[in-house]
Amino acid sequence: MEEKQHYGYLLGQITAIVEDVLPELEGSSIAHWGFAGKVYDDPYKLMPWLVEVEKIEIDSLVGVPESDFMESVGELLRMQAEGHTRMNMDDKNRFWIGYYHQKARKSIQLTRQRIGHRIKELRESKGMSQRELGKRIDIAYNHIGRIEKGKYNVNLDTLAKIAAALDTEINLICEKAAPES
């Protein structure tokens, strides 16, 4: 069975998504800490929260397109309807793989967004348009827009060109883009 279609993997992935949006759910009565462990012990602990998640904008689920999320939920519900209600050892191992894969996807997406926001700040402070920056580094201006929105994975070479065009250094783009601790 393909990893992403595996019951334990899907359950872990969806648990991570639900856990991330719990603070957005008004009147959330479940403690954020320990939610994954509760679902790990009893997959049905997740079900009431799937209904709650539908009440918020899926776009706020960083790193997961709405269609992918809904497809995963549908697949999970289908598996449970077919009697897959308990997790065996293989499911439990894959639960954590799915959970941490989703957490990593979100972290990567947030980092892209922070770097993109920082690039936009620097570009605007120089009075430069996206088109002008694109010309300076020899890439299409619409790619600059996607980079600034965190929709495009910037490689190190492109980041170095952007930094040079903005008269700064890569570490200053990344450092200022890092989350505050």
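How many helices and how many strands are there in the protein chain? I counted nine helices and zero strands. The model I am reading is a predicted one. From the N terminus on, I read the elements as α-α-α-α-α-α-α-α-α.

**Entry 1: the chain as a whole**

I looked up burial next. Of the 181 residues in the protein chain, 40% are buried. I then looked at contacts between residues at least 6 apart in sequence, and 71% of these join residues at least 24 apart.

**Entry 2: Gln 13 in helix 1**

I wanted some examples of residues that meet across the sequence, and I began with Gln 13. I found Gln 13 in helix 1, which covers residues 7-21. Is Gln 13 buried or exposed? Its relative accessible area is 11%, and buried means under 20%, so I noted Gln 13 as buried.

I then asked what Gln 13 touches, leaving aside neighbours within four places in sequence. My list reads Ser 72, Gly 98, Tyr 99, Gln 102 and Arg 105. I also looked up the distance from Gln 13 to Phe 95. These two are 82 residues apart along the chain, while their C-alpha atoms are separated by 7.4 Å.

**Entry 3: Val 39 in helix 2**

Val 39 belongs to helix 2, residues 35-41. Its relative accessibility is 0%, so I entered Val 39 as buried. Which residues does Val 39 touch, not counting those up to four places away in sequence? I wrote down Leu 11, Thr 15, Lys 45, Leu 46, Met 87 and Phe 95. For Thr 15 I also took the C-alpha to C-alpha distance from Val 39, which is 7.3 Å in space for 24 residues in sequence.

**Entry 4: Phe 69 in helix 4**

Phe 69 is a residue of helix 4, which runs over residues 66-81. With 2% relative accessibility, Phe 69 counts as buried. I compared its position with that of Ile 14. The two are 55 residues apart along the chain, and 7.6 Å separates their C-alpha atoms.

**Entry 5: aromatic rings**

A pair of aromatic rings is described by the distance of the centres and the angle of the planes. I counted seven aromatic pairs. One of them is Phe 95 with Tyr 99. Why is this pair called stacked? The ring centres are 6.4 Å apart and the planes stand at 10°, and planes under 30 degrees apart count as stacked.

Both residues of this pair are in helix 5 (residues 89-125), four residues apart, which is about one turn of the helix. I checked their burial as well. Phe 95 has 0% relative accessibility and so is buried. Tyr 99 is also buried, at 8%. Tyr 99 has a further ring partner in Tyr 100, with centres 4.9 Å apart and planes at 90°, so I recorded that pair as edge-to-face. I found one aromatic cluster formed by Tyr 40, Phe 95, Trp 96, Tyr 99 and Tyr 100.

I also looked up a charge next to a ring. The charged end of Arg 131 sits over the ring of Tyr 141, at 4.0 Å from the ring centre.

**Entry 6: helix 6 against helix 8**

Two packed helices are described by the angle between their axes and the distance between the axes. For helix 6 and helix 8 I noted an angle of about 115° and axes 9 Å apart. The crossing of these two helices is right-handed. Which residues make the contact? From helix 6 I listed Leu 133, Arg 136 and Ile 137, and from helix 8 Lys 161, Ile 162 and Ala 165. I sorted the residues of this contact into four nonpolar, no polar and two charged.

**Entry 7: two loop residues**

Last, I looked up two aspartates with a positive phi. Where is Asp 138? I found Asp 138 in the loop between helix 6 (130-137) and helix 7 (141-148). Its phi is near 65°, a positive value in a residue other than glycine. The relative accessible area of Asp 138 is 69%, and exposed means over 50%, so I noted Asp 138 as exposed.

Asp 167 lies in the loop between helix 8 (156-165) and helix 9 (170-177). Phi of Asp 167 is near 55°, again positive in a residue other than glycine. At 66% relative accessibility, I entered Asp 167 as exposed.

Technical notes. Residues numbered from 1 in each chain as written. Predicted model: local features only at pLDDT ≥ 70, side-chain atom pairs only at ≥ 80, totals over all residues. Heavy atoms only, no water. Buried < 20%, exposed > 50% of the residue type's maximum accessible area, 1.4 Å probe, protein only. Phe/Tyr/Trp six-rings, centres within 6.5 Å; stacked < 30°, edge-to-face > 60°. Lys NZ or Arg CZ within 6 Å of the ring centre and 35° of its normal. Axes fitted to C-alpha atoms, helices over the stretch in contact; angles between N-to-C directions. Left-handed = near helix turned anticlockwise from the far one by under 90°. Contact = heavy atoms within 4.5 Å. Nonpolar A, V, L, I, M, F, W, Y, C, P; charged D, E, K, R; others polar.
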